[in-house]
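I opened the model today to look up its cores, its sheets and one helix pair. My notes follow in the order I checked things.

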Amino acid sequence: MEYPRPQLRRAAWRSLDGPWQAMLDDAAQHVDPFEVTFDRTIIVPYPPEARASGLHDTGYRRRVWYRRLVQLDPAMNPGRDERLMLHFGAVNYRARVWINGHYAFEHRGGHSPFSIDVTRYLDGSSLVIVVQAEDDPLDMHKPRGKMDWEPEPHKIWYPRTSGIWRTVWIEKVARSHVRQLRWRADVAAWQIGLDADIAHVPEGGIANVTLRMGARLLVADRCLLTGTRLQRIFQLPDPGIDDARSQWLWSPESPQLIECEVEIRDAEGNLLDAVQSYTALRTVGIDGDRFTLNSRPYYLRMVLDQGYWPDSLMVASSDQLRQDVLLIKRLGFNGARKHQKSEDPRWLYWCDVLGLCVWGEMPSAYGFSSATVHGVMEEWKELVERDISHPCVVAWVPTNESWGVPELGNDRRQVDFVKALYHLTRALDGTRPVIGNDGWEMPCGDVVSVHDYAADPAVLIERYGSREAMAYTLEHVQPDRRRIVIDGFDGRGKPLFLSEFGGIACIPSAGADANGFEKPPAGWGYSVAKDGRELLARYQVLMSAVHRCRPLSGFCYTQLTDTFLEKNGLLDENRVPKAPVEAIAIATRGPDALRWDWNLDPLGHEARWRARRGPDFPIEWTRVGETAEVLPYPNERHPPQPGQDPEPDDPAAATA
């Protein structure tokens, strides 16, 4: 999947990734593109801090300027009643955009996408795009996730990501076109719902919606467009009994998707717009103290995923994103908590396709102020709207470990802000659980999620091994010297997740220095194993203890990969396992897997689902982790490599 927006796809699009002219404006001296001397080339979408960008400049900077000349071929040049849209997947943090010398747009928010209708600025078939990306590296009150404020990464913080860091692309659309699709499912009613935003509805316009499951036509709906918002509910044929229903439902074991097409036609039946999408029959919820998937209790085995790569930082190809999903499943997990990052929608696509539950998380600010409130609220709304239709997303995490609200025990405004984010998220999406403040100091939430890095497995059993122990823990234990629940919030009777634990590092001895003293280790973890054999042994014992904690509704192990100074991954930074993947997977799945998962393949898929996928699912994927090779997908279109321009445009020839 190379299309940057998998759930709203069109045929006429073009990636603008590749070489752009650039200028590093460290002191933010320039305000107008006519003042800028573009003196270097950068490979978009890699940030200047990444080696893959061709710059690998890790210094402090306030602004990065970009320029790209695009020559439009006839297929992309809009005609009458057509529009040319320019899309940015993410620009950190404030983006100002000029088109053919005209100031066109401003967007704030370093992790959320934005789009511009550039039709009015076109001059023939040439498009000159200039972007000013402004990002104060020392601003602690804007959403920044794990981007370090110090010159070099330290402790749990990672290199900064400035400027454009996700795909830039253009697409041609009709004046009347689909702006957004929101899919929802109701398993109890056996229904699929659609909310669609339509731009410039034509008089007498018609919407056609088609839903298919494989070769089977499920819905062929035709309706008159009476406004810019289209709302439909589609009743599907319910087979009734669970064994037949299971082949319709989405789950990590059987990630069945429903392919969708939405057409907009004028009153005469002429096609104006056609978009491809997908959805799934999947419902998540809470039943007492259990998390449910499709109205049945479901135990989440998640891993913490930071989403960084050594050469490209927060940017990855579709192949790399798919490989990570395959590795997570091969290690025995059925879910991932994407930590302090809004991941590429193509990663969510592969989680949908391959079956991986996801907790979607907001990248945090660090300090609290009115700027924090405005910045986090606005960007979080955009991210929820971006990802709301993905079946894989089963919970939202707007706040993590009191980041951005460091004085919850002393400042009523900060408590109210956490509660406001919780209720905002519930208002935007009432179909998924929302975590109030993941880790500790929870004043609200649909579940209780605790971070506890106790290295002794006996301590975890003592704290979470029974409902009585859990009640005592919620009231009296402070795993990181912070109360777990605050402000009268009673977590008893809600699903309990151990949403961070483990963190076992694998760090060989660094030896002795010239004076005979032990050298400090190159990295750290919450506990340390000397090699892969010891790491596996510790992991097995720790996982055995967690599986014995029956009140838990699930866990999230820290973490998937080594990430800069954090050496506590099950894989190293190049995605090479530190211990045999099958042994790790057996420990991850726990003893219940022998009883319930005996019919699953190494990726946790049911045989019946695999049979339905047939040749579309390469058998090599079930052996991922046995080699460091990133496995390709048959017949997939691949983007150019760094330094290889996908188009004949010459960025050096651009003039503002």
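Which residues is F333 in contact with, leaving aside its neighbours within four places in sequence? I note that the model is predicted. I listed the partners of F333 as R301, M302, V303, I328, L356, Y539, M543, F555, Y557, L570 and T588.

**Cores**

I went from F333 to the set it belongs to. The largest nonpolar core has 105 residues. F333, W347, W359, F501 and Y557 touch the most other members of this core. I then asked which element gives the largest share. Helix α3, residues 345-354, does, with 7 residues. Apart from this core I found another, of 30 residues. V70, L86, I99 and Y121 are among the residues of that second core. I jotted down the general background: in soluble globular proteins, nonpolar side chains tend to be buried together.

**Six-stranded sheet**

Next I traced an open sheet of 6 strands. I read its order as β3-β2-β4-β10-β7-β8, with antiparallel pairing. Which strands stand at the edges? They are β3 (40-44) and β8 (102-108). Each has a single partner strand, so one side of each is left without a neighbour in the sheet. From one strand to the next, I noted an average twist of 30 degrees. I also followed β7, residues 94-99, which pairs with β8 in the antiparallel sense over 6 bridges. In that pairing I found R94 opposite R108 of β8.

**Four-stranded sheet**

I then turned to an open sheet of 4 strands. Its order is β16-β15-β18-β19, and the pairing is antiparallel. I marked β16 (216-224) and β19 (271-279) as the edge strands, each pairing on one side only. Neighbouring strands here are turned by 15 degrees against each other on average, direction ignored. I counted out the pairing of β18, residues 258-265, with β19: it is antiparallel and runs over 8 bridges. V262 has V275 in β19 as its bridge partner.

**Helix pair**

Last, I looked at helix α4 (residues 370-387) and helix α5 (residues 412-428). Their axes come within 11 Å and cross at roughly 20 degrees. Why do I call them roughly parallel? Angles under 35 degrees count as roughly parallel, and the crossing angle makes α4 roughly parallel to α5. I logged the crossing as right-handed. Which residues make the contact? From α4 I listed T372, V373, V376, M377, W380, K381, V384 and E385. From α5 I listed F417, A420, L421, L424, T425 and L428.

Note on methods. Residues numbered from 1 in each chain as written. Predicted model: local features only at pLDDT ≥ 70, side-chain atom pairs only at ≥ 80, totals over all residues. Heavy atoms only, no water. Pairing = 2+ DSSP bridges. Helix = DSSP H or I, 4+ residues; strand = E, 2+ residues; numbered from the N terminus. Axes fitted to C-alpha atoms, helices over the stretch in contact; angles between N-to-C directions. Core = buried A, V, L, I, M, F, W, Y, C linked by side-chain atoms within 4.5 Å. Buried < 20%, exposed > 50% of the residue type's maximum accessible area, 1.4 Å probe, protein only. Contact = heavy atoms within 4.5 Å. Parallel < 35°, antiparallel > 145°, perpendicular 65-115°, else oblique. Left-handed = near helix turned anticlockwise from the far one by under 90°.
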